[in-house]
Amino acid sequence: MFGVLFLIILFYVLNQAIFGVYQKKHSFFNKKKMNLLYLYHLLFYGVYLWYANNNPSDSAGYFRHVNEHPGTWLELFGTDTNFIEFLAYPFAFVGFNYNMLMLVFAWFGFLGFMYAYLFFREKIPIKVKVFRSVDLLTLILFLPNMHFWTASLGKGSAIFLGLMMFTYAIARPGSRLLLLVLGAIIIYYIRPHVFLFVAVGAVVGYMSGKQSIPLWQKLAVFIGLIGGLVIAQDQILAVVGLQSSENLIEDFGSFSEDRAEDLQKAGSGVDLSSYPLPVKLFTFWFRPLFIDAPNILGLIVSFENLVYLLLFLKIIKKDFVKFIRKSPALVKMSFVIFFTTSFAMTFIMSNLGIIMRQKSMVMYFLFFVIYYYLAEKKYLKVMKIRKLRALNEKRRIQNLVGN
């Protein structure tokens, strides 16, 4: 218990130093909100500890494997599970117990939320109210399911940090190159296939975004990400055992069917293979939804999924396609990452428990698209009102002069 309390205080102190750096860079940075978010995230660290002590959890396996590892630290270096154990090993080596190591990764998850906040506020300075005057950014930052899956020793917290770090950095790749590379490395080594979707999304966004981006910057992003994909193609295909495949489409179809059958045996299976694509996507994005909640956790998540659904309905408008077509690079990037990842996941996810965990990686990309769309509509509405007021004032003055 003393070790956990020490780390909570230590991370709080480190947070203040990090907040100070970003407060100098961004006038909008709100230290009070970030400190509140840190305390809120710690609450879910406690909730996940209780959950892990009463249910099977990957975190216990990671901790056991790291402590039983007979070799050196570098021998753990690799992709997927190996990378999580690689990150955890130094802390276990110096004597961190299970609860302390869980807290370290929970802090990684919190830093992911900080970078998400920076990304959203830097690109969308306009505040948007939803659901009877609830601030949309505050709602997004405090969604409980997102905190639950990023508050423990495992892939969820670390990859969320990598994803949000990457998205914040790519807004200004020239001045945030170190963060950009570090975020890309974290994503790739935890989930190589997600790095594929992120790279494709970034390239599409930068090449087709409406704002003028210097040609050298476009080329740098294109060459860097495409080059990374070429170098890493074997590792990405190895995730689904297709590195030596001669027919990727056919072999991926076979893998998807086998994976779906395996996941259905996990206790909360849904037969996605028989669903049409729209229903598959709906299942991945918004289920469980009350009637199919597998347990109490699923019931709680159902309330959050309802929020997702209500937010999603706000972009089901005639002008949304036009908005996406003319949107800036980061909006297109977020949309492509969200949709391509969702599309791929629907072919291999057939268990509601795993779906709840996996979609936490990509929902913030959807939230960014929704937030930008609503902010742009609010901005255009305000500008229209101002123009009307200016026009009315001009007419009033003209009438006074005429009289």
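Which residues does Tyr-364 touch, not counting residues up to four places away in sequence? In this predicted model, Tyr-364 touches Phe-113, Ala-116, Phe-120, Ile-140, Leu-141, Met-146, Phe-160 and Met-164 once those sequence neighbours are set aside. Tyr-364 is also, together with Tyr-115, one of the residues with the most contacts inside the largest nonpolar core, a set of 126 residues. The points below go from this core to the aromatic pairs, the salt bridges, one unusual backbone angle and a nonpolar patch on the surface.

**Nonpolar core and Leu-7**

- The largest nonpolar core has 126 residues, and helix α5, which covers residues 98-123, gives the most to this core, with 20 residues.
- In soluble globular proteins, nonpolar side chains tend to be buried together.
- Leu-7 belongs to helix α1, which spans residues 2-25, and this leucine counts as buried because its relative accessibility is 2%, where the cut-off for buried is under 20%.
- Leaving aside neighbours within four places in sequence, Leu-7 is in contact with Tyr-38, Phe-96, Met-100, Leu-103 and Val-104.
- One of these partners, Leu-103, is 96 residues away from Leu-7 along the chain, while the C-alpha atoms of the two leucines are separated by 7.6 Å.

**Aromatic pairs**

- The structure holds 51 aromatic pairs, and among them is the pair of Tyr-22 and Tyr-115, which is edge-to-face because the ring planes stand at 85°, with the ring centres 5.8 Å apart.
- Since Tyr-22 lies in helix α1 and Tyr-115 in helix α5, this pair ties together parts that are 93 residues apart in sequence, and both Tyr-22 and Tyr-115 are buried.
- The rings of Tyr-308 and Phe-367 have their centres 5.5 Å apart and their planes at 55°, and therefore this pair counts as tilted.
- Tyr-308 in helix α14 and Phe-367 in helix α18 (residues 363-402) are 59 residues apart, so that the pair links distant parts of the chain.
- Tyr-308 is buried, with a relative accessible area of 1%, and Phe-367 likewise counts as buried, at 2% relative accessibility.

**Salt bridges**

- The count comes to 4 salt bridges; as a general matter, side chains of opposite charge can pair when their charged atoms come close.
- Lys-155 forms a salt bridge with Asp-80, in which the closest N and O atoms are 3.0 Å apart, and the pair links distant parts of the chain, with Lys-155 in helix α8 (residues 155-170) and Asp-80 in the loop between α3 (58-68) and α4 (81-93), 75 residues apart.
- Lys-155 counts as buried at 15% relative accessibility, whereas Asp-80 is partly exposed, with a relative accessible area of 32%.
- Glu-122 forms a salt bridge with Arg-176, the closest N and O atoms being 2.6 Å apart, and this pair also links distant parts of the chain, since Glu-122 is in helix α5 and Arg-176 in the loop between α8 and α9 (177-190), 54 residues apart.
- Both Glu-122 and Arg-176 are buried, and these two residues are linked with Arg-172 in a network of salt bridges.
- The side chains of Lys-377 and Asp-319 meet in a salt bridge with an N to O distance of 3.9 Å; because Lys-377 lies in helix α18 and Asp-319 in the loop between α14 and α15 (320-325), the pair ties together parts that are 58 residues apart in sequence.
- Lys-377 counts as partly exposed at 39% relative accessibility, and Asp-319 counts as partly exposed at 34%.

**Backbone at Asp-80**

- Asp-80, found in the loop between α3 and α4, has a positive phi of about 65° although this residue is not a glycine.
- Most residues other than glycine have a negative phi.

**Nonpolar surface patch**

- Phe-290, Ile-291, Leu-299, Phe-303, Leu-306, Leu-310, Leu-313 and Ile-316 form a nonpolar patch on the surface, and together these residues have about 770 Å² of accessible area.
- Within this patch, Phe-290 is placed in the loop between α13 (277-286) and α14 (296-313), and Phe-290 counts as partly exposed at 32% relative accessibility.

Note on methods:
Residues are numbered from 1 along each chain as its sequence is written. This is a predicted model: local features need pLDDT of at least 70, side-chain atom pairs count only at pLDDT 80 or more; totals for chains, interfaces and linings use all residues. Side-chain values use heavy atoms; hydrogens and water are left out. Helices (H or I, at least four residues) and strands (E, at least two) are DSSP runs, numbered from the N terminus. Buried means under 20% relative accessible area, exposed over 50%, partly exposed in between (1.4 Å probe, protein chains only). Contact means heavy atoms within 4.5 Å. A nonpolar core is a set of buried Ala, Val, Leu, Ile, Met, Phe, Trp, Tyr and Cys residues joined through side-chain atoms within 4.5 Å. Patches are made of residues with over 30% relative accessible area and no salt bridge: like charges are joined within 9 Å, nonpolar side chains (Val, Leu, Ile, Met, Phe, Trp, Tyr) within 5 Å. Accessible areas come from the Shrake-Rupley method with a 1.4 Å probe; for residues, only the protein chains shown count as cover. Rings of Phe, Tyr and Trp (its six-membered ring) pair if their centres lie within 6.5 Å; planes under 30 degrees apart count as stacked, over 60 as edge-to-face and the rest as tilted.
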